[in-house]
Amino acid sequence: MSETATMLRRTLANTVGSAGWRAALEAVPREVFVGDAIFLRADAARGDVWTAVRRAGMDERDWLAMVYTDETWVTQVEGTLAGESADAVTGSPSSSSTTPSLVVMMLEAAGISEGDRVLEIGTGTGYSTALMCHRIGDDAVTSVEYDPAVAERARRAISEVGYAPTLVVGDGLHGWPERAPYDRLIGTCSVRTIPPAWMGQVRAGGSITTPMWGWMGGVAFAHLTREGEGTASGRFLKEDLYFMRARSHMPPPRPPIATGIGPARESRIDPAILDDEAALFVAQLAAPAAQRASGGDMTILLDVGTGSRADVRSDPASGWIVHQHGPARLWDAVEDAVLLWQGAGSPHQSAFGLTVTADRQYVWLGEPDGPAWDLPA
Ligand SMILES: C[S@@+](CC[C@H](N)C(=O)[O-])C[C@H]1O[C@@H](n2cnc3c(N)ncnc32)[C@H](O)[C@@H]1O
């Protein structure tokens, strides 16, 4: 290990500032997990074009300094690994080494410590898996990765640095029953609902900690305690943390957008409120199958499953005009939920909680018996 890397690791551990994970941050060489190439955004204006930047093309100190910056480094876009791409790639990141301080925030939020058995969903580069191996031991760590090429890359990196957790290739939404029960389950990819399989694999008193990211783009950070009777419940956390979406919880492709269809009326809320993260989360609770599309100065919601749509535009005379079409009156539902949230003082997602039972998942405001919205089945 180079002296430069050792120093940079120490600096990173100081930056992240976690007593419990300090030794792991100082021990695990992030450069092995980031690999020999990453993707950087090629064009600030167009966020979906990426070019590969290679270790071989950079001064080694500059490369290491970049690797140890407390930032996310994208290692795969739309299924193409950075090391395999000659030129620019267009699309969304599909794997990355997440910002170390966020990884540690997740591990701390989950309350992982010595003696715990952990199931991680989304091995990615394997960096977070290695941090856990360092602290709680190889035998306590199981990690599932969806993408075989990403999983193989992580497997090589993890064994190169001398750890031996249980690594599984597959859809983490099924968990990994072979090594259950777990004390802690963490999602390092974001889910839309809590996968039922997870519930049966965490022991009573154990926890499920995962970012949630719905189809409208609303996010919240769930920390649930598994109770008896196969239920789990907990308030969302204050930390604004999310990881990329779980591959099997992605929204369906959207058809071309048509607007101005269906009856029109005045909107009861300013659609710009959806630029507020908590408001967007609330709107999504009310219309969980809807996706939000951009259309100039218009706010557009579209539920691909039922074909329902709503578009809201500003109107000099009345404020905002909404057109709605289809069996689900998307904007009616969004307005009701946003007005209720505003009446409660427009709180952050952490004022809400989630309860999961065998036949229902519902988000509540305030207390479990407060106003509630069902998550999609
Ligand atoms: C943000 S990365 C993980 C970060 C990683 N733990 C780290 O230390 O940097 C998210 C990973 O989740 C994986 N993933 C997405 N959906 C998944 C699923 N359904 N099951 C398992 N892994 C999944 C992606 O392929 C990607 O590698």
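**Exercises on salt bridges, burial and contacts**

At 28% relative accessibility, arginine 265 counts as partly exposed, where buried means under 20% relative accessible area, exposed over 50%, and partly exposed in between (1.4 Å probe, protein chains only). The structure is a predicted model, in which local features need pLDDT of at least 70 and side-chain atom pairs count only at pLDDT 80 or more, while totals for chains, interfaces and linings use all residues. Residues are numbered from 1 along each chain as its sequence is written, and side-chain values use heavy atoms, with hydrogens and water left out.

**Exercise 1.** Identify the salt-bridge partner of arginine 265 and place both residues in the fold.

*Solution.*
Step 1. A salt bridge requires a side-chain nitrogen of Lys or Arg within 4 Å of a carboxyl oxygen of Asp or Glu. Arginine 265 meets this criterion with aspartate 332, at 2.7 Å from N to O.
Step 2. Arginine 265 belongs to strand 14 and aspartate 332 to helix 10 (residues 330-343), so the bridge ties together parts that are 67 residues apart in sequence. Helices (H or I, at least four residues) and strands (E, at least two) are DSSP runs, numbered from the N terminus.
Step 3. Aspartate 332 is partly exposed, its relative accessible area being 26%.
Step 4. Through shared partners, salt bridges join Arg265, Arg268, Asp332, Glu335 and Asp336 into one network.

**Exercise 2.** Determine how many salt bridges the rule gives, and analyse those of arginine 247 and aspartate 183.

*Solution.*
Step 1. The count comes to 19 salt bridges.
Step 2. Arginine 247 pairs with aspartate 147, the closest N and O atoms being 3.1 Å apart. Because arginine 247 lies in the loop between strand 13 and strand 14, and aspartate 147 in the loop between strand 8 (141-145) and helix 7, the pair ties together parts that are 100 residues apart in sequence.
Step 3. Aspartate 147 is buried at 9% relative accessibility, whereas arginine 247 is partly exposed at 26%.
Step 4. Aspartate 183 forms a salt bridge with arginine 203, with 2.5 Å between the closest N and O atoms. Aspartate 183 lies in strand 10 (residues 182-187) and arginine 203 in strand 11 (residues 202-213), so this pair links parts 20 residues apart in sequence.
Step 5. The relative accessible area is 13% for aspartate 183, which is buried, and 34% for arginine 203, which is partly exposed.

**Exercise 3.** Describe the surroundings of threonine 75 and state whether threonine 75 is buried or exposed.

*Solution.*
Step 1. Threonine 75 is located in strand 3 (residues 73-77).
Step 2. With 2% relative accessibility, threonine 75 counts as buried.
Step 3. Contact means heavy atoms within 4.5 Å. Leaving aside neighbours within four places in sequence, the contacts of threonine 75 include Val34, Phe39, Ser96, Thr125 and Arg153.
Step 4. Serine 96 is 21 residues away from threonine 75 along the chain, yet their C-alpha atoms are separated by 4.8 Å.

**Exercise 4.** Carry out the corresponding analysis for proline 165.

*Solution.*
Step 1. Proline 165 occupies the loop between helix 7 (148-160) and strand 9 (166-169).
Step 2. A relative accessible area of 13% makes proline 165 buried.
Step 3. Not counting residues up to four places away in sequence, proline 165 touches Thr129, Cys133, Asp138, Val141 and Ile158.
Step 4. From proline 165 to arginine 155, the C-alpha to C-alpha distance is 9.3 Å, at a sequence separation of 10 residues.
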